[in-house]
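Trainee: I should like to learn how the terms used for packed helices and ligand contacts are justified. May we work through an example together?

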Amino acid sequence: MTILVTGATGNVGRHVVEELLKAGHKVRALSRYPASAKLPAAVEVVGGDLSNPNTLVPALEGVSGLHLITTGTGYVPLTTGKEIIAAAEAAGVQRVSVLWDGKKGTVEHAVESSNLEWTQLQPVEYMSNVLSWRESIRTEGVVRDLYGDSISALIHEGDIGRVAAAALTEDGHAGKIYTLTGPEALSVQDKVRILSDLIGRDIQFIRLTEEQERKRMAELGVGEDIMDYVINWHMNPPVEAYTVNPTVEIVTGRPARTFAEWAQEHVKLFKV
Ligand SMILES: NC(=O)c1ccc[n+]([C@@H]2O[C@H](COP(=O)([O-])OP(=O)(O)OC[C@H]3O[C@@H](n4cnc5c(N)ncnc54)[C@H](OP(=O)(O)O)[C@@H]3O)[C@@H](O)[C@H]2O)c1
């Protein structure tokens with residue numbers, strides 16, 4: 001049977017695909033732009049848009065497991081959760097992993113009222129968020145950010161991929177809501193120091209005002225609502241955001257990866 005991965009071209013989705021392929025499963029990937037998806041040859045890439053659930057019907061044919069993201073264009077929460085889950089049930093899907101966007105939305109509500117075996121994944125901040133510093137580190141040796149001191153138990157996207165693959169293919173995860181963290185809580189300045197040590201170059205941290213941070217996020221295409229959410233989340237972080245928990249290791253049998261490991265894997269991107 002086939003597993004359909006949505007968000008498959010994204011930071012997390014690529015790892016979900018990789019983990020499922022490694023475990024020998026047949027993977028289909030959904031993309032709004034299938035021609036430019038750049039996924040492994042073994043993956044069947046199909047077109048579709050989660051904001052328009054009718055487009056999912058062919059993609060769901062013969063699918064037993066489904067990995068769902070919960071946002072559409074511009075990270076706006078999907079309003080189509082009910083229709084997506086109805087289409088999945090009609091297609092005979094059995095298991096669903098749902099990757100949240102920071103708060104429960106229509107997808108989570110729909111899946112909880114369905115007969116599907118669902119697992120909700122609630123990761124905290126992704127390590128890949130530091131990719132937004134790539135250009136300024138490479139060209140100026142500088143990181144500009146609003147949140148110098150706020151700490152976060154940030155997680156490697158690959159560990160979310162491992163948990164999603166386990167939830168979709170192994171017993172014992174149905175009805176579970178997993179808060180997922182990395183193995184340590186780090187501040188922005190800690191991350192800057194780790195990157196600096198690794199690339200062998202001093203990186204200066206420049207604290208932004210809130211107005212400057214909003215401008216930076218706007219340039220990355222982030223909408224006003226999401227900006228409010230992210231800024232508030234960092235200024236008044238919920239306790240789960242910086243409290244390390246062992247769920248990744250419990251579910252996957254492997255320790256959660258550190259930011260230093262993530263940085264080592266991506267070091268080339270930060271070097272001139
Ligand atoms: N960054 C964080 O710290 C963080 C923390 C917790 C949760 N999250 C959530 O995690 C999710 C995934 O993040 P990511 O970093 O892996 O994503 P990403 O790299 O930014 O990629 C976005 C993905 O969403 C897909 N997509 C967007 N709109 C779509 C639509 N209307 N229909 C179908 N697919 C659509 C894109 O597919 P195509 O372009 O191929 O169509 C792409 O695969 C997001 O919902 C985000 O809110 C992020």
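Mentor: The discussion below takes helix packing and then the ligand.

Mentor: Please note that this is a predicted model, in which local features need pLDDT of at least 70, side-chain atom pairs count only at pLDDT 80 or more, and totals for chains, interfaces and linings use all residues. Residues are numbered from 1 along each chain as its sequence is written, and side-chain values use heavy atoms, with hydrogens and water left out.

Trainee: Why is α1 called oblique to α5?

Mentor: Helix α1 (residues 13–22) and helix α5 (residues 157–169) pack at about 50 degrees, with their axes 8 Å apart. That angle makes α1 oblique to α5: angles under 35 degrees count as roughly parallel, over 145 as roughly antiparallel, 65 to 115 as roughly perpendicular and the rest as oblique. Helices here are DSSP runs (H or I, at least four residues) numbered from the N terminus. The axes are lines fitted to C-alpha atoms over the stretch in contact, and angles run from 0 to 180 degrees between N-to-C directions.

Trainee: Which residues of α1 meet α5?

Mentor: His15, Val16, Glu19 and Leu20 in α1 do so, and their partners in α5 include Gly161, Ala165 and Leu168; contact means heavy atoms within 4.5 Å. The residues of this contact divide into 5 nonpolar, 4 polar and 3 charged. In this scheme Ala, Val, Leu, Ile, Met, Phe, Trp, Tyr, Cys and Pro count as nonpolar, Asp, Glu, Lys and Arg as charged, and the others, Gly among them, as polar.

Trainee: What makes α7 and α8 oblique to each other?

Mentor: Helix α7 (residues 210–219) and helix α8 (residues 224–235) pack at about 130 degrees, with axes 10 Å apart. The pair is therefore oblique. Glu210, Arg214, Met217 and Ala218 of α7 make the contact with Glu224, Met227, Asp228, Val230 and Ile231 of α8. By class, this contact has 5 nonpolar, no polar and 4 charged residues.

Trainee: What makes α6 oblique to α11?

Mentor: The axes of helix α6 (residues 188–199) and helix α11 (residues 259–266) come within 10 Å and cross at roughly 45 degrees. That angle makes α6 oblique to α11. Lys191, Ile194, Leu195 and Leu198 in α6 meet Phe259, Ala260, Ala263 and Gln264 in α11.

Trainee: How do you know that the side chain of Tyr126 makes a polar contact with the ligand?

Mentor: An oxygen atom of the ligand is 2.6 Å from an N or O atom in that side chain, and a polar contact is a pair of N or O atoms within 3.5 Å. The backbone of Arg32 also qualifies, with a polar atom 2.7 Å from a ligand oxygen. For Thr73, a polar backbone atom is 3.3 Å from a ligand nitrogen.

Conventions:
Helices (H or I, at least four residues) and strands (E, at least two) are DSSP runs, numbered from the N terminus. A polar contact is a pair of N or O atoms within 3.5 Å; within protein, one must be able to donate a hydrogen and the other to accept it, and residues adjacent in sequence count only if both atoms are side-chain atoms.
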